[in-house]
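Colleague: I am new to this structure and would love a close look at a single part of it. Could you walk me through the aromatic rings and how they sit together?

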Amino acid sequence: SNEELTQSTFESGSIDASWTDSTGNNTAPSIVSNANNGYVPSLKLINDGNDDDPNITATVTLSTSSRYKLTVKVSYASDPDGVGDTVGLNLTARPTASSVDGIYQSTVVAETGGTYTLEFIPLDVGGGGGSTEAMLIDVGLEENTNDDTEIHFSEISVREIDNSTLPTDLYKIETMFLQKHPSTDYHKM
């Protein structure tokens with residue numbers, strides 16, 4: 001299906017106006033391509049200020065009768081402070097008209113090379129039976145990440161999920177054998 005965001009990858013070497021910088025007093029988001037991220041042009045966020053949750057946001061108008069998937073590909077994730085530290089990634093999709101209703105949120109530990117998703121259905125928060133809703137997409141470091149935590153995103157994507165088509169990597173099991181214990185008799189299911 002089609003990409004819903006104006007800019008989902010960062011090959012252009014810049015961040016377009018569809019993304020809003022919400023990094024607070026942290027270093028502003030930038031596009032980097034270096035050895036850390038495999039030389040893949042990526043959006044870099046770093047927690048190097050007093051605000052613990054640097055993030056970027058985009059607003060996109062989506063159908064209230066469809067299901068969507070926010071997908072984030074992490075090309076680099078590092079917390080240099082020491083052993084046991086993790087890079088917390090926060091994904092949020094919510095109506096722009098509400099900070100309470102219709103919020104979808106996921107907080108996960110991000111790793112270099114990981115792909116993370118959040119599925120959501122836009123909620124008509126006005127209650128007027130609207131067919132579309134302006135949704136705020138928020139991607140960034142989780143609030144409690146340690147100082148100098150750094151994350152690079154090679155892709156941030158929002159796509160409609162087509163529930164009528166099976167994925168190409170779906171397989172079915174036709175035959176399964178179960179072994180009774182402790183004998184070696186097999187039974188076909």
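Modeller: Happy to; here is the setting, followed by the rings themselves. Please keep in mind that this is a predicted model. The protein has 12 strands and 0 helices, so reading from the N terminus you meet one β element after another. Of its 189 residues, 38% are buried. Among contacts with a separation of 6 or more, 71% join residues that are 24 or more positions apart. The protein exposes about 10,700 Å², and 46% of that comes from carbon and sulfur atoms.

Now to the rings. A pair of aromatic rings is described by the distance of the centres and the angle of the planes. Rings count as a pair here if their centres lie within 6.5 Å, and the count comes to 2 aromatic pairs. One of them is formed by Tyr-104 and Phe-120, with 6.0 Å from centre to centre and 50 degrees between the planes. That angle is neither under 30 nor over 60 degrees, so the pair is called tilted.

Where do Tyr-104 and Phe-120 lie? Tyr-104 belongs to strand β7, which covers residues 104–110, while Phe-120 belongs to strand β8, residues 115–120. The pair therefore ties together parts that are 16 residues apart in sequence.

The two partners also differ in how they are covered: Tyr-104 is partly exposed, at 28% relative accessible area, whereas Phe-120 is buried, at 0%. Finally, Tyr-68 joins the picture, as ring pairs link Tyr-68, Tyr-104 and Phe-120 into a cluster.

Notes. Residues are numbered from 1 along each chain as its sequence is written. This is a predicted model: local features need pLDDT of at least 70, side-chain atom pairs count only at pLDDT 80 or more; totals for chains, interfaces and linings use all residues. Side-chain values use heavy atoms; hydrogens and water are left out. Helices (H or I, at least four residues) and strands (E, at least two) are DSSP runs, numbered from the N terminus. Buried means under 20% relative accessible area, exposed over 50%, partly exposed in between (1.4 Å probe, protein chains only). Contact means heavy atoms within 4.5 Å. Accessible areas come from the Shrake-Rupley method with a 1.4 Å probe; for residues, only the protein chains shown count as cover.
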